[in-house]
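Good morning, and thank you for coming. Please look at the sequence and the structure as I show them now.

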Amino acid sequence: ARVVSIAKMHYINGDWVGQTPDAFVFIGNPNRPNGGLLSRLGFLHYIPILNVTTGQPTPTGSTTAFPDGIPTEDWAIRWEGIADWPTFLLNPLAVANSILGFSYDHGTYLAWNEDSDPGETPAGYTIEEWEALTTYPLLTPGIVNYQEYGDTKYYTITPKVLPLVRPLHLIPLLGKPIADLPEPPLRVIIEETAYARGIPFGAPIGTGFIPFFNPITLFLKLIPAVLQGINNFLANFGLTQEISLTPPIVTGPPVSPLMADEEDEPAFARQAPMQETGDVE
């Protein structure tokens with residue numbers, strides 16, 4: 001994605017005259033203008049050990065060479081540390097969550113395939129669910145955040161489980177109940193105190209250091225989240241009905257599909273078809 005960002009810069013700047021790309025598709029883009037790790041670390045300018053230039057967010061606008069820009073899709077999994085790094089650096093919960101998001105989710109965009117680890121699934125979804133989310137992303141707005149900015153369509157998919165609590169699920173028997181209790185309020189705290197979600201993904205924004213948030217909004221959102229966590233904890237013991245953090249997913253073509261025509265189907269879904277589970281080694 002970093003290399004393709006550089007290529008798009010060359011096209012937009014008119015450096016490669018006579019060449020016209022059809023479209024760009026990014027997954028896990030470190031140069032996503034609002035969220036990409038390299039965009040966030042633009043204040044460093046250059047990282048010698050990695051020989052990487054920071055800043056330089058993927059362009060989204062138009063120039064004389066391309067008055068309408070170049071059609072682009074940018075796909076990311078929420079909270080994964082390469083494409084959705086926190087806005088505020090001095091937020092230990094969010095930073096830890098983003099690092100774990102990188103570890104758990106960044107490598108799963110194209111799972112399952114022959115190179116996947118055993119049991120690896122994309123962001124925790126089944127192959128049918130992931131195929132549905134990438135084929136009909138607008139049908140599940142509770143999971144897929146869709147935005148348009150300039151020439152780019154942004155798709156940000158919320159994983160099934162908050163990365164910060166995923167290690168708890170490894171604890172036999174009690175792991176899931178322990179993880180279910182804090183997950184809803186942790187989601188609220190991380191979203192409200194670590195990210196500037198009111199700013200579009202296509203708007204270049206670097207890193208802040210001291211978390212800036214509205215304490216009243218945080219408090220009002222925490223109340224139902226804490227109650228949901230308690231409810232889901234008790235549901236593990238059959239005392240209540242679990243309230244899922246993941247909305248229902250349409251796993252097949254809808255009766256009136258929003259994106260029924262192939263030309264309207266996201267390029268990511270067309271170019272990276274899933275393999276049958278029988279092909280997994």
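Let me begin with isoleucine 205, which counts as partly exposed because its relative accessibility is 22%, and buried would require under 20%. The model before you is a predicted one. Isoleucine 205 sits in the loop between α6 and α7. Which residues does isoleucine 205 contact, leaving aside its neighbours within four places in sequence? They are Pro33, Asn34, Ser39, Arg40, Thr87, Ala196 and Ile199. One further pair illustrates how the chain folds back: isoleucine 205 and leucine 41 are 164 residues apart along the chain, and their C-alpha atoms are separated by 10.0 Å.

From that loop we proceed to helix α7, which comprises residues 215–235, 21 residues in total. From its first C-alpha to its last, α7 reaches 30 Å, close to the 30 Å expected at 1.5 Å a residue. At the start of the helix, asparagine 214 places a side-chain oxygen within 2.9 Å of the backbone nitrogen of isoleucine 216. Further along, α7 has a kink of about 30° at leucine 222, shortly before proline 224. Leucine 222 also belongs to the buried residues of this helix, together with Leu218, Ala225, Gln228, Gly229, Asn231, Asn232 and Ala235. As a reminder, an α-helix has 3.6 residues a turn, so residues three or four places apart point the same way. What covers the buried residues of α7? The cover includes α5, residues 175–180, and α6, residues 183–194.

I turn next to charged side chains. Side chains of opposite charge can pair when their charged atoms come close. How many salt bridges are there in this model? The count comes to 11. One of them joins arginine 166 and aspartate 105, at 3.2 Å from N to O. This pair links distant parts of the chain, 61 residues apart, with arginine 166 in the loop between β6 and α5 and aspartate 105 in helix α3. Arginine 166 is partly exposed because its relative accessible area is 25%, whereas aspartate 105, at 0%, counts as buried.

Another salt bridge lies within helix α5, where lysine 176 and aspartate 180 are four residues apart, about one turn of the helix. Their closest N and O atoms are 2.7 Å apart. Why does aspartate 180 count as buried? The reason is its relative accessibility of 7%, since buried means under 20%. Lysine 176, by contrast, is at 34% and therefore counts as partly exposed.

Lysine 176 forms a salt bridge with glutamate 242 as well, the closest N and O atoms being 3.7 Å apart. Here the partners are 66 residues apart: glutamate 242 is in the loop between α7 and α8, while lysine 176 is in helix α5. Glutamate 242 is partly exposed, at 42% relative accessibility. Elsewhere, Arg78, Asp84, Glu191 and Arg197 are linked in a network of salt bridges.

Finally, I return to the beginning of the chain, to helix α1, residues 2–12. Its buried residues are Arg2, Ser5, Ala7, Lys8, Met9, Tyr11 and Ile12. Those residues pack against several elements, among them α2 and the strands β1, β4 and β6. After α1 comes glycine 14, which has a positive phi, near 80°.

Terms used
Residues numbered from 1 in each chain as written. Predicted model: local features only at pLDDT ≥ 70, side-chain atom pairs only at ≥ 80, totals over all residues. Heavy atoms only, no water. Helix = DSSP H or I, 4+ residues; strand = E, 2+ residues; numbered from the N terminus. Expected span 1.5 Å × (residues − 1). Bend = angle between axes of the 7 residues up to and from the residue. Buried < 20%, exposed > 50% of the residue type's maximum accessible area, 1.4 Å probe, protein only. Contact = heavy atoms within 4.5 Å. Polar contact = N/O pair within 3.5 Å; in protein donor to acceptor, adjacent residues only side chain to side chain. Salt bridge = Lys/Arg side-chain N within 4 Å of Asp/Glu carboxyl O.
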